[in-house]
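Work through the exercises below with the model open beside you. Try each task before you read its solution.

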Amino acid sequence: MGKRCVIIRPASLYNARFVHLGDRVRINYGVRLDAILDRPSRAPELRIGSNVNIEQNVHIMCHSRILIRDNVSITGHCAIVDITHPYTDIRDPRPIGQRILDNDSFVEIGEGSFLGFGTVVLPNVRIGKYCVIGANSCVTRSIPDYSVAAGNPAVVIRQYDFASHSWVSGGTSRGMEVS
């Protein structure tokens with residue numbers, strides 16, 4: 001845990017030794033940070049950068065790797081997961097919620113990005129630098145740097161065009177930085 005971090009109770013940190021917080025991280029009430037150790041050969045890595053604000057009732061579940069870079073804002077009731085619960089084996093007696101697909105997955109959220117209220121970020125997604133994700137969006141695929149995305153599934157609706165120094169619709173203009 002970095003310097004000057006604030007965690008408002010109640011909060012839940014499961015396997016906290018796999019959770020890394022940068023400086024000046026603020027975690028509001030009701031947040032769950034779960035690092036799931038599903039097999040000994042894979043240690044989960046949940047890394048939250050500096051100056052990150054995580055609002056109320058956010059759930060972050062990591063079994064492989066989640067990286068939230070500096071200056072990110074995560075508003076209330078968001079979920080960020082790098083876990084997939086397989087359902088195809090109908091003979092598996094375990095509840096689906098207790099099954100975890102054995103894969104090396106990830107989620108990355110770029111510096112300065114903003115996740116709107118109720119956003120869900122699913123496995124194997126990179127949200128670029130300085131992105132805005134609209135409220136109640138479901139991010140199922142990667143979003144390039146300097147984009148505004150919204151919807152279920154989330155799609156890029158605007159992107160900053162460095163050639164014209166303006167935000168353009170659709171995210172297809174030339175001169176855009178994409179990670």
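**Exercise 1. Which way do the side chains of F106, V107, E108 and I109 point from β12, and are they buried or exposed?**

Step 1. This is a predicted model. Start with the general pattern: side chains in a regular strand alternate between the two faces of the sheet.
Step 2. Apply the pattern to β12. F106 and E108 point one way, while V107 and I109 point the other way.
Step 3. Check burial. All of these residues are buried.

**Exercise 2. Place β12 in its sheet and find its pairing.**

Step 1. Write down the strand order: β3-β6-β9-β12-β15. These five strands form an open sheet with parallel pairing.
Step 2. Mark the edges. They are β3 (19-21) and β15 (125-127), and each pairs on one side only.
Step 3. Add the twist. Neighbouring strands here are turned by 5° against each other on average, direction ignored.
Step 4. Take one side of β12. Four bridges join β12 (residues 106-109) to β9 (residues 65-68), and the two run parallel. I109 in β12 is the bridge partner of I68.
Step 5. Take the other partner, β15. Three bridges join it to β12, again in parallel. Here E108 has R126 as its bridge partner.

**Exercise 3. Which residues have the most contacts inside the largest nonpolar core?**

Step 1. Recall the general tendency: in soluble globular proteins, nonpolar side chains tend to be buried together.
Step 2. Size the core. The largest one has 34 residues. I68, I80 and I127 have the most contacts inside it.
Step 3. Trace the suppliers. Strands that each give at least two residues to this core include β5 (32-35), β6 (45-48) and β8 (59-62). β3, β9, β12 and β15 do so as well.
Step 4. Zoom in on I68. Beyond four places away in sequence, I68 touches R47, I48, G49, V52, I60, I74, I80 and I109.

**Exercise 4. Where is S147 found, and which residues does S147 touch?**

Step 1. Locate S147. It is found in strand β18 (residues 147-151).
Step 2. Test burial. The relative accessible area of S147 is 0%, so S147 is buried.
Step 3. Look for a polar partner. The S147 side chain reaches the backbone oxygen of P144 at 2.9 Å.
Step 4. List the contacts, leaving out residues up to four places away in sequence. S147 touches Y130, C131, V132, V156, R158, Q159 and W167.

**Exercise 5. Classify the ring pairs that Y160 forms with F162 and W167.**

Step 1. Choose the two values to read. A pair of aromatic rings is described by the distance of the centres and the angle of the planes.
Step 2. Read Y160 and F162. The centres are 4.9 Å apart and the planes are at 80°. Planes over 60 degrees apart count as edge-to-face, so this pair is edge-to-face.
Step 3. Read Y160 and W167. The values are 5.4 Å centre to centre and 70° between the planes, an edge-to-face pair.
Step 4. Compare accessibility with the 20% cut-off for buried. Y160, at 18%, is buried. F162, at 27%, is partly exposed. W167, at 32%, is also partly exposed.
Step 5. Widen the view. One aromatic cluster takes in Y130, Y146, Y160, F162 and W167.

Technical notes:
Residues are numbered from 1 along each chain as its sequence is written. Side-chain values use heavy atoms; hydrogens and water are left out. Two strands pair if DSSP finds at least two bridges between them. Axes are lines fitted to C-alpha atoms, for helices over the stretch in contact, and angles run from 0 to 180 degrees between N-to-C directions. Buried means under 20% relative accessible area, exposed over 50%, partly exposed in between (1.4 Å probe, protein chains only). A polar contact is a pair of N or O atoms within 3.5 Å; within protein, one must be able to donate a hydrogen and the other to accept it, and residues adjacent in sequence count only if both atoms are side-chain atoms. Contact means heavy atoms within 4.5 Å. A nonpolar core is a set of buried Ala, Val, Leu, Ile, Met, Phe, Trp, Tyr and Cys residues joined through side-chain atoms within 4.5 Å. Rings of Phe, Tyr and Trp (its six-membered ring) pair if their centres lie within 6.5 Å; planes under 30 degrees apart count as stacked, over 60 as edge-to-face and the rest as tilted.
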